[in-house]
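Biologist: Let's go through a few labels on this model. I want the reason behind each one.

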Amino acid sequence: MDTQVCRVRFAPSPTGYLHIGGARTALFNWLLARKMGGVFVLRIEDTDRSRHVADSLAKILADMRWLGLDWDEGPEAGAAGGTGGSFGPYAQSERLAIYQEHVARLIEAGHAYHALETPEELTAMRDAARQQKIDFRYPRPDPLPTTAEVQAARDAGRSAVVRFKMPGEDITVVDDILGEVTLAADQLEDFVIQKGDGWPTYHLACVADDALMEITHVLRGQEHLMNTPKHIALQRALGFDTPHYAHLPIIFNMNGSKMSKRDKEKALKRGEVPPEIDVHDFRAAGYLPEALLNFISLLGWSTGDDEEQITLQETADRFALKAIGKGNAKFDRDKLISFNTDWSARVEPVRLLAGFVDYLRVNDLPMASLAEPMLQRVLQLCQGFRTFADVVAKVGFAFADDADIVYQEKAVRKVLEKNDGAGYGVLRALLPRLESIESWTADAIESELKAFCDAGGLKLGNVAQPLRVALSGGTVSPAIYDTLDLVGRERTLSRIKQTMMQGSEQ
RNA sequence: GGCCCCUUCGUCUAGUGGCCUAGGACACCGGCUUUUCAUGCCGGCAACACGGGUUCGAGUCCCGUAGGGGUCACCA
């Protein structure tokens, strides 16, 4: 097996956007494939029709693309119109016949059997067991239901599932991260491989597909560790090789809770800003995929030295399963922000611009209609920003109508009204000076403002802040000369007048 | 609760018996730069969960305890 090319897969369920934890799993699979010169397969695990969410496949693919995790095989893999690989189809919903064939084989070989309990009956059995404080393990019927009994049950409108006969021996998982993990035979029960509706369960579909798609390494979250003995037993019964396994540590919130989509709803109910949970949330919040990827790659893995901020390519070059930690990690949003700040300052200007345009479009913001040179300039003026959201918060007012400027009470009080309206006084005195400027450029504005300060014995801050409030409604903007230039002569003057009018009304 | 996994600064981690007076990053604290915000620069605080072993020597190996996590579906 070791002489084959490395083939890994990421197998999400289409139940919504790509979760950040899923993205980390996808990333590690991708990294291993790229490091080994192997193949990265994207497979869709959609055998539970009741949990299917419309559009989620498209959303997951879009999230993968935004991250830049390209897949070699899978839906829409390769160039437009490409076949997507020769191990397809890559959606399990299109592979039903394959699974049924394997289930039949297992039954024929005596490795599986039909079971007739209804879900309700099973629940009752479990409840009874719990009341007696004993562990419930599905008791294999003895004798097994006969073909006639199965048929009779079906005729009576009851559905039959198929269960796999666990071999009754201890099973050891050899894990590339955790080492050897052995599960005792009495911990393993006969589990369902085919549901009452004829569809396979995750276990059967996963094992069959991994084998048929010739997957050599299975990297998945640690929550799957207890499933692995079942999968190994299935592989043995089916005559499949067991792939390498590596169970990744899980990612949690800073408070130790799971990062759940429900965190967003809860925060919303409390009137708080919802936390980013799905990849799409981070995209919409103005993060760069470079930063996100770099950050999550360090959750459970490290370069081994003091280097942290490296490119995806460098990460792939240095990636190794042995370097993955065993302990769970907490998702530190402050560190992510710091990484994003650094990446935003590092990335090529064209790349930054593309990211900004994407952010503007995803959020359908008015600034999306601005020409690229202007956006480029905005980015330039906002250097040091943490996320694209900061950029918009800092310059958005420059592209709004005068009437839409919201004057923040605190800013007005502190900057304009304080000291008997000193700020208003500055604006009044400054207005004619600004009106006299002939060519409205940052340089001309600078010399005029400096001259104004010198003449009045004022510090720049005494002038810049009133101007900022007048133009933006608040106290945050790019450097003041650039701000005036950005807003433009006409609107600069009109907003100063508008501000003074409001001041005199008080 | 049964079974399984994990345990170095608040957080992510380096560390694979002596190089550790335990390193880096984020956060935090202090200072500097600065026309606002944010950057940037300098400095500081801060950890081997606990208890037994093994060893000349343990953060590094073993056992136990405690704590955290996962899992016990006709979901994946």
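Modeller: Start with the sheet, keeping in mind that the model is predicted. Three strands form an open sheet, in the order S3-S4-S7, with antiparallel pairing.

Biologist: Why are strands S3 and S7 said to stand at the edges?

Modeller: S3 (112–115) and S7 (192–194) each have a single partner strand, so one side of each is left without a neighbour in the sheet. On average, neighbouring strands here are turned by 45° against each other, direction ignored.

Biologist: How do you know that S3 and S4 pair?

Modeller: Pairing takes at least two bridges. Four bridges join S3 to S4 (residues 161–164), so the pair meets the definition. The two strands run antiparallel. One of the bridge partners in S4 is Phe164, opposite Ala112.

Biologist: Next, Glu265. Why is Glu265 called partly exposed?

Modeller: Its relative accessible area is 46%. Buried means under 20% and exposed means over 50%. The value for Glu265 lies in between, so the label is partly exposed.

Biologist: Where does Glu265 sit?

Modeller: In helix H8, residues 261–269. Glu265 is 115 residues from Gln380 in sequence, and their C-alpha atoms are 36 Å apart in space.

Biologist: What makes helix H19 mostly covered?

Modeller: Six of the eight residues in H19 (residues 480–487) are buried. They are Ile480, Tyr481, Thr483, Leu484, Leu486 and Val487. Buried means that each has a relative accessible area under 20%.

Biologist: What follows H19?

Modeller: Gly488, with a positive phi near 95°.

Definitions and conventions
Residues numbered from 1 in each chain as written. Chains lettered and ligands numbered in written order. Predicted model: local features only at pLDDT ≥ 70, side-chain atom pairs only at ≥ 80, totals over all residues. Heavy atoms only, no water. Buried < 20%, exposed > 50% of the residue type's maximum accessible area, 1.4 Å probe, protein only. Axes fitted to C-alpha atoms, helices over the stretch in contact; angles between N-to-C directions.
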